[in-house]
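Let's take a friendly walk through this structure, one site at a time. Keep the sequence and the 3D view open as you read.

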Amino acid sequence: MRATPLGWCLPRVFAHRCGGALAPENTLAGLHIAARLGITAVEFDVMLSADGTPWLFHDETLERTTDGVGRLGAASDVRLRELDAGIRRHPAFAGERVPTLAAAAASCRQFGLYANVEIKPAAGCEELTGAVVARQVEALWAGSEQPLVSSFSEVALRAARAVAPTLPLGCLFERVPADWRQRMRQLGALTLHCDAALVDDDVVAEAGSCGVPVLCYTVDDPLLASALFSRGVAAVFTDRIDLMGDDQGAAGHPW
Ligand code: G3P
Ligand code: MG
């Protein structure tokens, strides 16, 4: 963890989708593995079911990561509880369930994992997803350090900000747009997230000069991570939690 100029702490390495490549994505098994490997921070994606419950899930459809079919947003909570979210990754993970945000929060708190909750709204559900996830995050992490809540959807982030005025927010981009400062100011966002392959040194320098940490996804090579840190990037998301820890590239880091 490094103190940012804003006075709060930011880990250097986040396990991507809970446990990176070592577990089925967005599962409690991933959180367990990350904690066992000494990772201190995790990122996961959150989407709403047909019942309006936040679940850890990346795709709009169930097929790639579970034994279900159809859209997550059309599935009831009862249906989602039946799905196997491990078998497609490896038979050893058969029986692993899709977790609710509430279950993930309990595991993060139990293991002392700092969380980056990525709001991943299904198309057309941006506002509702942003508001529901932000409210739940505040309630689930009450009394402990609030997660960093990010999204590619500015509509979702605006809705999150409207219901949670003090929640730490992060703006997610592929390539950072020229008007990133204005967009972040309007949302009261603290962090800037972008694709590691598209990160721009001028943006990193400008962000550094105004105290905004830049976080890059998805970085699976420790040498690339070190290079990004020496360019001023504050943190990376990785699938290779077996290769990277929070001390990765610490020397000379500005945060
Ligand atoms: O939040 C960083 C990263 O997770 C964004 O991409 O598609 O893996 O959610 P994705
Ligand atoms: Mg994500």
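## The magnesium site

Start with the sequence: the residues that donate to the magnesium ion (ligand 2) follow the spacing E-x1-D-x72-E. Two of them sit on strands, Glu43 in S4 (residues 41–48) and Glu118 in S6 (residues 114–119), so this pair ties together parts that are 75 residues apart in sequence. Please bear in mind that you are looking at a predicted model.

Which atoms does the protein offer to the ion? The donors are an OE atom of Glu43, an OD atom of Asp45 and an OE atom of Glu118, and they lie 2.0 to 2.1 Å from the magnesium ion. Are Glu43 and Glu118 buried or exposed? Both Glu43 and Glu118 are buried.

## The pocket around ligand 1

Now turn to ligand 1. The residues around it are His16, Arg17, Glu43, Asp45, His58, Glu118, Lys120, Phe152, Leu172 and Tyr217. You will recognise Glu43, Asp45 and Glu118 in that list, since these residues are also the protein donors of the magnesium ion. By character, the shell divides into 5 charged, 3 nonpolar and 2 polar residues.

Several side chains come within polar-contact range of the oxygen atoms of ligand 1. For His58, an N or O atom of the side chain is 2.7 Å from a ligand oxygen. Lys120 places a polar side-chain atom 2.8 Å from an oxygen of ligand 1, and for Glu118 the distance between a side-chain N or O atom and a ligand oxygen is 2.9 Å. How much of the accessible area of ligand 1 does the protein cover? On its own, ligand 1 has 290 Å² of accessible area, and the protein covers 91% of that.

## Salt bridges

How many salt bridges does a search of the whole structure find? The count is 10. One of them joins Glu25 and Arg64, with the closest N and O atoms 2.8 Å apart. This pair links distant parts of the chain: Glu25 is in the loop between strand S3 (13–15) and helix H1 (28–36), while Arg64 is in the loop between strand S5 (54–56) and helix H2 (77–82), 39 residues apart. Glu25 has a relative accessible area of 19%, which is under the 20% limit, so it counts as buried. Arg64, at 42% relative accessibility, counts as partly exposed.

Arg64 has another partner: it forms a salt bridge with Asp59, where the closest N and O atoms are 2.7 Å apart. Asp59 is buried, with a relative accessible area of 15%. Elsewhere, Arg240 pairs with Asp242, the closest N and O atoms again being 2.7 Å apart. Both of these residues are partly exposed, Arg240 at 31% relative accessible area and Asp242 at 37%. As for shared partners, salt bridges join Arg17, Glu25, Asp59 and Arg64 into one network. Arg17 may look familiar, as it is also among the residues around ligand 1.

## A contact beside helix H3

Finally, have a look at Thr100, which lies in the loop between H2 and helix H3 (101–111). What does its side chain reach? The Thr100 side chain comes to 3.0 Å from the backbone nitrogen of Ala103. With a relative accessibility of 17%, Thr100 counts as buried.

How values were computed: Residues numbered from 1 in each chain as written. Chains lettered and ligands numbered in written order. Predicted model: local features only at pLDDT ≥ 70, side-chain atom pairs only at ≥ 80, totals over all residues. Heavy atoms only, no water. Near = heavy atom within 4 Å. Polar contact = N/O pair within 3.5 Å; in protein donor to acceptor, adjacent residues only side chain to side chain. Areas by Shrake-Rupley, 256 points an atom, 1.4 Å probe, with all protein chains shown as cover. Nonpolar A, V, L, I, M, F, W, Y, C, P; charged D, E, K, R; others polar. Donors = N, O, S within 2.8 Å, 3.2 Å for Na, K, Ca; no water. Helix = DSSP H or I, 4+ residues; strand = E, 2+ residues; numbered from the N terminus. Buried < 20%, exposed > 50% of the residue type's maximum accessible area, 1.4 Å probe, protein only. Salt bridge = Lys/Arg side-chain N within 4 Å of Asp/Glu carboxyl O.
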